[in-house]
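Here are a few exercises to work through with the model open in your viewer. Try each task before you read its solution.

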Amino acid sequence: CEFCLAAPLACVSGVTGADLKKRVIRIMTERPALRLDARRKALLAFAAFLAIAVPVGFGLAKGKPGQANPAQSASSQTVVNYDDPRLSGQSNPAQNAALSEAGDANATRPKFEVASIKPNRSGDDKMNLMMSPSGRFSANAMSAKTLIELAYHLKSDDQLVGAPSWVNTEKFDIEAKADDAFVQKMRKMSFDEGGQQMRLMVQSLLADRFNLKASRETQERPVYVLVVAKNGPKLTPTKLPPPGQMGARPPGPPGHGGSVGEGVRMRPGQLTCMGVATSFLAEVLSRQPELAGRIVIDETGLKGRYDGSLKWTPEFQRGGMAGGPGPTEVSGPGGAPGGNGQAADGTEADASGPSIFTALQEQLGLRLKPAKGPVEVLVIDHIEPPTPN
């Protein structure tokens, strides 16, 4: 009490003029100094709202695009449109949306009901691949690199970055099948949509059995632009029926893969197309070793589907580059990476014949122009050999 009534020290901050009696009375009466009415409560609530909303709103306004929504950010980093008009000459929204590999995408992608993977040590370079409307996927002597290129619709080996050497040297036999309920859904899809669903299932297979983890980047790279040559195109409009639903199975000639409405036979120095769009032809050309990995962009402006054949002298017979894998025939929806081998008649191509660039102008009336453009690449972050079963 003496301390409270005494004058405060000069070095201590305090309140002078204290009255002990008044203070004791105020404490004992327990009377609030001021009660909050409705107006004051509303004012206090508004102040609290401003205290929270102002910094949050400032952060959203100043934040970088894609950071406000982590799910959208992850998707934007991994979704790539390999059917951008600049890359393939036509757009396929179903394929664009289906190529997402973000976060838990493996949980949402369709999967094969059963799948068997076994090493192939036969030494036979001939690869066989079949994808059918019944939901069956079958491959013999297929490398992991080819499987990745098929699953992610890559048009050139150069679009695959960071892969270990074994993905190209080790071969596998794969048998897989979708469940009956999913097959019934696929039968009602177009061939493009059904083929993309098969590719998504192969993506799931790679993630589950090869533990594949990959990301995508866009890089400026040398490309070729496919244009009509000076004297006009020499392609023949196809008489084959257009592709319908997967369950329809329109007829086609042997080797055409009639269930897809378009097909290609490839051998070293020989290419036969039946019922294909020029955008599909550009994809096939992108895989030819003579183009040294450059993507071919279709800018012919040609619509419809065509038949045509091309014959040239492979570079490895000209003393340029080594030969590639054995012959390849593709049957089924979705398209697949091409391969090399002997000519269809079992003979070797004439070493004095034209190059692929000359043959393309003389035989199909098309021309490849060198250029530069954006190319999407798939970067392998992790992959390991599968456990055989």
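**Exercise 1. Find the side chain that pairs with E283 in a salt bridge, then decide whether E283 is buried or exposed.**

Solution. Keep in mind that you're looking at a predicted model.
- Step 1: The partner is R287, and the N to O distance between the two side chains is 3.9 Å. That still passes, because the cut-off for a salt bridge is 4 Å.
- Step 2: Now check the accessibility of E283, which has a relative accessible area of 8%. Buried means under 20%, so E283 counts as buried.
- Step 3: For context, a search of the whole structure turns up six salt bridges.

**Exercise 2. Work out which residues form a network through salt bridges that share partners.**

Solution.
- Step 1: Start with K145 and D157, whose side chains meet at 3.1 Å, N to O. K145 belongs to helix α8, while D157 sits in the loop between α8 and β4 (160-161), twelve residues apart.
- Step 2: Compare the two ends. K145 has a relative accessible area of 15% and is buried, whereas D157, with 44%, is partly exposed.
- Step 3: Add E149, and you have the network: shared partners join K145, E149 and D157.
- Step 4: Look at the helix that carries K145. Eight of the eight residues of α8 are buried, among them K145, E149 and L147. Once α8 is over, H153 shows a positive phi, near 55°.

**Exercise 3. Classify both partners of the salt bridge between K177 and D180 as buried, partly exposed or exposed.**

Solution.
- Step 1: The side chains of K177 and D180 meet at 3.6 Å, N to O.
- Step 2: K177 has 33% relative accessibility, so it's partly exposed.
- Step 3: D180 comes out at 56%, which makes it exposed, because the exposed class begins over 50%.

**Exercise 4. Describe α11: its span, its cover and what happens at its two ends.**

Solution.
- Step 1: α11 covers residues 191-209, 19 residues in total. From first C-alpha to last it reaches 27 Å, close to the 27 Å expected at 1.5 Å a residue.
- Step 2: Of those 19 residues, 16 are buried, so the rest of the structure largely encloses α11.
- Step 3: At the N-terminal end, S190 acts as the cap, with a side-chain oxygen 3.2 Å from the backbone nitrogen of E193.
- Step 4: Just past α11, N211 adopts a positive phi of about 50°.

**Exercise 5. Which residues touch the most other members of the largest nonpolar core, and which elements give two or more residues to it?**

Solution.
- Step 1: This core has 37 residues, and F137, I148, L206 and F210 touch the most other members.
- Step 2: The elements that give two or more residues are β2 (127-131), β3 (136-143), α8, α9 (166-169), β5 (171-177), α10 (180-186), α11 and β13 (366-382).
- Step 3: Zoom in on F137. Leaving aside neighbours within four places in sequence, its contacts include F112, L129, L147, I174, M198 and V202.
- Step 4: Don't miss the other core, which lies apart and has 24 residues, including Y224, L226, L285 and A359.

**Exercise 6. What share of the residues is buried, and how much area does the protein expose?**

Solution.
- Step 1: Buried residues are 42% of the 389.
- Step 2: The exposed area is about 20800 Å², with carbon and sulfur atoms supplying 55% of it.

Key
Residues numbered from 1 in each chain as written. Predicted model: local features only at pLDDT ≥ 70, side-chain atom pairs only at ≥ 80, totals over all residues. Heavy atoms only, no water. Helix = DSSP H or I, 4+ residues; strand = E, 2+ residues; numbered from the N terminus. Expected span 1.5 Å × (residues − 1). Buried < 20%, exposed > 50% of the residue type's maximum accessible area, 1.4 Å probe, protein only. Polar contact = N/O pair within 3.5 Å; in protein donor to acceptor, adjacent residues only side chain to side chain. Core = buried A, V, L, I, M, F, W, Y, C linked by side-chain atoms within 4.5 Å. Contact = heavy atoms within 4.5 Å. Areas by Shrake-Rupley, 256 points an atom, 1.4 Å probe, with all protein chains shown as cover.
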